[in-house]
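This report looks at pairs of charged side chains and at the packing of two helices.

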Amino acid sequence: MSTVNLLSRIESSLPFLSDTDKRLADYIMKNPADVVSMSTKALAKASDVSEAAVIRFAKKIDMDGYTDLKLQLSADLAADKNFPTPTDIKKSDSTHDIYKKLAAFTVASIESTAKTLDPVALEQAVNLIHQAAINGKKIYLNGLGTSSILAKEMQVKLMRLGIQSIFYDDPHLRLESLTLIGEGDIFICFTALGKSEANQQYIQLAHDRGADILLITQFGNHKLAEKATVTLFTSITENNLRLISQTSFTVQSIIIDALFMGLATKDYEKIKQEVVETKAIFSEMGYYTK
């Protein structure tokens, strides 16, 4: 684990934390070197929280306990890496300066997500989709706002593998189609914070109907993940101004590619032949220049 992973996990969790946990998280992010040598009691006093809150917080960010948190933080500091954030952008920055900072943040988020993603959960996600496809079950896709583009991207990727999926831009049609979901079907939901009431309603409906749920969301969104069969956590920060939604989009798009390639390797030779045949058809119809 690196600084990128641990500190970004804490930062990613901010939208889902209580005021007490936010005070603690803020102190750790601002004073990581000091925290390494602090006792539970000292950290609790410095951040104005209870000692029990310190222990609970460590569990919330997937540490075994406060001692584990300090050990990870110590290792991170020894690696001497700093996690860039959009808050580093200043009014005096040129557009090129802003680009470099956003690019650094995006790269750090990609690296952090690679460490945050559970390899077992990723394989489970691929197997869920694969089993639904070979068993003739329905696959429903969902995303609101920018996330709807991700749902469409996933639909195209599945289509290229010969896997049909269901997605409607219109939320009423999406809900109407979802009333037909059943056991063995899959509901795949892309969301950063998961705070939209519609997302929560869709997931609850799929859950009540006995469908499997694949959730791709930001680390810390454990409440929504409770109803999911498999959750793939990203490690980035979505602030209230949504200034960096593109970073969230980019990271989740890479996850889509990983799922696509994971599914493709299930029958690699067949997929490779289909790609050759598809290119030949496009060429015959004049879509490619000679």
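A salt bridge is a side-chain nitrogen of Lys or Arg within 4 Å of a carboxyl oxygen of Asp or Glu. The model is a predicted one, in which local features need pLDDT of at least 70 and side-chain atom pairs count only at pLDDT 80 or more, while totals for chains, interfaces and linings use all residues. Residues are numbered from 1 along each chain as its sequence is written, and side-chain values use heavy atoms, with hydrogens and water left out.

The structure holds seven salt bridges, among them the three in the table.

| Pair | Closest N to O |
|---|---|
| Lys 157 and Glu 153 | 3.6 Å |
| Asp 21 and Lys 60 | 2.4 Å |
| Lys 138 and Asp 185 | 3.5 Å |

Lys 157 and Glu 153 are four residues apart in helix 9 (residues 147–160; helices are DSSP runs of H or I, at least four residues, numbered from the N terminus), and are therefore separated by about one helical turn. Both also belong to a network of salt bridges with Asp 257. Lys 157 is buried (under 20% relative accessible area, with exposed being over 50% and partly exposed in between, for a 1.4 Å probe and protein chains only) at 12%, and Glu 153 is buried at 18%.

Asp 21 lies in helix 2 (residues 19–30) and Lys 60 in helix 5, so their pair ties together parts that are 39 residues apart in sequence. Asp 21 is buried, at 4%, whereas Lys 60 is partly exposed, at 37%.

Key. Helices (H or I, at least four residues) and strands (E, at least two) are DSSP runs, numbered from the N terminus.
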